[in-house]
Structures are given as C-alpha cells and as structure tokens.
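Let's work through a few exercises together. Take a look at the picture first, then try each task before you read its solution.

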Amino acid sequence: STIGGLGDLAGRRVLVRSDLNVPIKDGVIGDDGRIRASLPTLIKLAKAGAKVIVTAHLGRPKGEPNPAYTLAPVATRLGELLQPEGITVRFATDVTGESAQEAVQELDEGEVLLLENVRYDPREESKDNTQREALAEELAALADVFVSDGFGVVHRKQASVYDVARKLPHAAGGLVLAEVEVLKKLTEDPARPYVVVLGGAKVSDKLAVIDNLLAKADKLLIGGGMVFTFLKAQGHEVGKSLLEEDQLDVVRGYLKEGADKIVLPTDIVVAPEFKADSPATVVAADAIPADQLGLDIGPESGKAFAAEIAGARTVFWNGPMGVFEMAAFAAGTKAVAQALTEVDGLSVVGGGDSAAAVRQLGFADDQFGHISTGGGASLEYLEGKELPGLAVLEED
Ligand code: 3PG
C-alpha cells in the first residue's frame, strides 16, 4: 500500500502531478493515451486508501483562466475510465482556491480529485522563484505527500512539477519510473546504428535539441514543419511553407556539422492551402512552387527514411512527418510508423502527437517497443540534459 518509500498512504492526502495534456477540439478529447497512461498510479493510490489529489495542465493558457483550456472534459473522461474500478472522480473549478480547498476537505479515502488547469495560475510557469514557490506552498498545503507522475512535464521547472516536490515528502510514480527505465536504454550504450527521426510542428523547440542529438545518434532523419527551414538554409525556395527565418544561421551550422548524419527529404507533398481537400502534388524538395506549401514528405523520401530505419538497431521517433490528421498528407508519417514496427531492436515513439498519430493511423501500441508520453521531456532526456522534475526527486 505504499509508493517509493512514502509509507502507508491509507487516509493520507496524496498530491499527484500527472500529464493529462491531451488534444481537445470543441470539448471533445482526441487521443486519450496520456490519461490512460496516468491511471495505474491513480488506481494504486486510491486502492491503498489515499485521498488522491491530481494537479495537471492543459495547453498553454498564459496564466489566466480560459474556458478553452479547462480540464473539465478530462475529469469526465477520467471518471469514465476509473468507474469500472469503483473509483469516484471529482473536479475542482480552481487550482488552489476555495473550490479546491473545499473539495479536498470533502474528499473520501479512495477517491480522486482533479484540480483545474494549473496553468490558469501565472505563478506556475513564472521565472521568478518566489512566485513559483508561493504557488507550490498553496499546492503543498492541500496534501501530505507528493507523487511526481507527469513524465511529459519533468523537463519543465514549474511550480507543480519542481517546486512542490521541495515542500513535501515525495516520490516518483510508476509512469515516471517506467519511462526513465526505457529511455535509459537509449542513452546508455544504445545498440547501433542508432537512428533518430524528428518531425512535428513545435519547430523552434525541436531545432534546439538537434545539436545534442547529432552527438549521440548515427543518423538524424528530418521531416515535419522543420524541414523547410533546412531546405531554405540549403538555398532552396520553400514557397508558403512553415519557415523560421531567425533560425537559418543555426540550421546552416547543423548542416555543416552533421553533413554525414542529417538526412533530409528529397521530395515533398505540396498543396496551395492548408486544407484537407486542397489539391496535393509531389514535387522535388528543391522545386517547391512559390504559391504552394509543403504538408508532408514525399513517397521517395518515405521509402528512403524507411530504409534507414530498417537498418537500425535502435530508433527514437518524435514528431509526425506531415499533417497526418488530413489523409492526403499522412503517407510520410505512416511510412515511418510502419518501418518502426519492423525494427529488429528497440523502437521508441515519443510525444503526444506521434503517439496520437500512430493510433489514428491504425497501429497498435504493442507494435512498438515503447510509446513514451513525453515529447519534449523524452527528447531532453535523450540529449543527456538534467531534467528539473527528475533531479528534484533525488533531493531529500
Ligand atoms: C507536452 O505536451 O509535451 C507536455 O504536456 C508539456 O507541455 P508544454 O510543452 O506546453 O510544456
């Protein structure tokens, strides 16, 4: 009935930081993988008789309440998923205010309470330590112990991830432990060739990690929105494609440094508009028309990437190759996913978008070595960076 040396938790108030940051559109949850991944720790605690208080974020609401980012639909989904276990889920409409305090007081042993989006509070992401600590103090006052189980946010030095752990007896939850165990295999002496596939839309986030990944991996295959900054850096026109002008110099540096490691697509699927029914054509990567934008890697590139992956013994993939949500631009992501399922070695899919992509494209979780709930977190772990949310758990 314990977790990470926290002792008997029956009757105790346990604050859990989970990563419940799932895609939601018009109040409807898309892929609920992160909610499902958070269940085992919550169930374990509830069955141990703890009063379970969950804090989490959704999206980036910029420090103020915003109904577009409410966790209410997540509380509902959590309730549906825990109902078969006989566990009741409650929801507080604020982070640490009256609603949260009252709900904690009324919470019974074996029940779960989800607090509203912690990023409604500007102190959560503040760069000012005293601001963050003040929020952490309020969170800590709601509970007796803290369990860190939101692997997807351990790279964030934020009040509910980092500071609160310093205010309460704490331990890592089962999800964090399981994620770290797999990622350790990728960092400590990975079987080679070790291929990393990078894509996705958070372009500047991804560009920042390439440096370190170039030092660790044998090959770096690049797709997704980031590709166009690379093509432009090589001197090609990219039309209306996504482009980070201010990163061109950095990318030129990567192209030089990683000349023998970086693999770029040779063909691109383009369309005149960012729309599912916009007429798609395949063009050479160095011949993107001025009035079109790139929305996926082309078929020739899909084959080339798949061949690189097939020859690998360790593969880490983060970020879709194109706009997989639209059928016309999903083939590149599908080709990469298919290749990962055939790897003779360890294959890891990282990040909410990539996990959602493989599921939406009809793949099953068990076709991959591991599907990580962390995007940025897993990338930073692979880079060998110290993650604040993990480091703090080592402190007394
Ligand atoms: C993620 O989606 O990777 C995590 O939930 C962290 O979200 P963030 O990038 O907004 O901090």
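**Exercise 1.** Which domains give residues to the shell around the ligand, and where does the ligand lie relative to them?

*Solution.* Before we start, note that this is a predicted model, in which local features need pLDDT of at least 70 and side-chain atom pairs count only at pLDDT 80 or more, while totals for chains, interfaces and linings use all residues. Residues are numbered from 1 along each chain as its sequence is written.

Step 1: find the domains. The chain is divided into domain 1 (13-177) and domain 2 (189-382), with bounds that come from an automatic or database domain assignment.

Step 2: list the shell. Around the ligand are Asp 19, Asn 21, Arg 60, Gly 152, Val 153, Arg 156, Gly 352, Gly 375 and Gly 376; a residue belongs here if its C-beta atom, placed from the backbone, lies within 6 Å of the molecule.

Step 3: combine the two. Both domain 1 and domain 2 give residues to this shell, so the ligand lies between them.

Step 4: sort by class. The shell has 1 nonpolar, 5 polar and 3 charged residues. Here Ala, Val, Leu, Ile, Met, Phe, Trp, Tyr, Cys and Pro count as nonpolar, Asp, Glu, Lys and Arg as charged, and the others, Gly among them, as polar.

**Exercise 2.** How many residues does the contact take from domain 1 and from domain 2?

*Solution.* Step 1: the centres of the two domains, taken over C-alpha atoms, are separated by 32 Å.

Step 2: the contact takes 14 residues from domain 1 and 10 residues from domain 2. Two residues are in contact if their C-beta atoms, placed from the backbone, lie within 7 Å.

Step 3: on the side of domain 1 that touches domain 2, helix H1 (residues 33-47) gives the most, with 3 residues. Helices (H or I, at least four residues) and strands (E, at least two) are DSSP runs, numbered from the N terminus.

**Exercise 3.** Which residues of helix H3 (residues 98-106) are buried, and which are exposed?

*Solution.* Step 1: learn the cut-offs. A residue is buried if 20 or more other C-beta atoms lie within 10 Å of its own, exposed if 12 or fewer, and partly exposed in between, with C-beta atoms placed from the backbone.

Step 2: Ala 100, Ala 103 and Val 104 are buried in H3. Seen down the axis of H3, they fall within an arc of 100 degrees, so they line one face of the helix. The arc is that of the directions from the helix axis to the C-beta atoms.

Step 3: Glu 98, Glu 102, Gln 105 and Glu 106 are exposed on the other side.

Step 4: the buried residues of H3 pack against strands E1 (13-17), E4 (51-55), E5 (89-91) and E6 (112-114).

**Exercise 4.** Which helix gives the most residues to the largest nonpolar core?

*Solution.* Step 1: the largest nonpolar core has 124 residues. Such a core is a set of buried Ala, Val, Leu, Ile, Met, Phe, Trp, Tyr and Cys residues joined through C-beta atoms within 7 Å.

Step 2: helix H10 (residues 331-341) gives the most to this core, with 6 residues.

Step 3: look at H10 itself. Of its 11 residues, 9 are buried, so H10 is largely enclosed by the rest of the structure.

**Exercise 5.** Is Glu 386 buried or exposed?

*Solution.* Step 1: locate Glu 386 in the loop between helix H12 (376-382) and helix H13 (388-394).

Step 2: with 9 C-beta neighbours inside 10 Å, Glu 386 counts as exposed.
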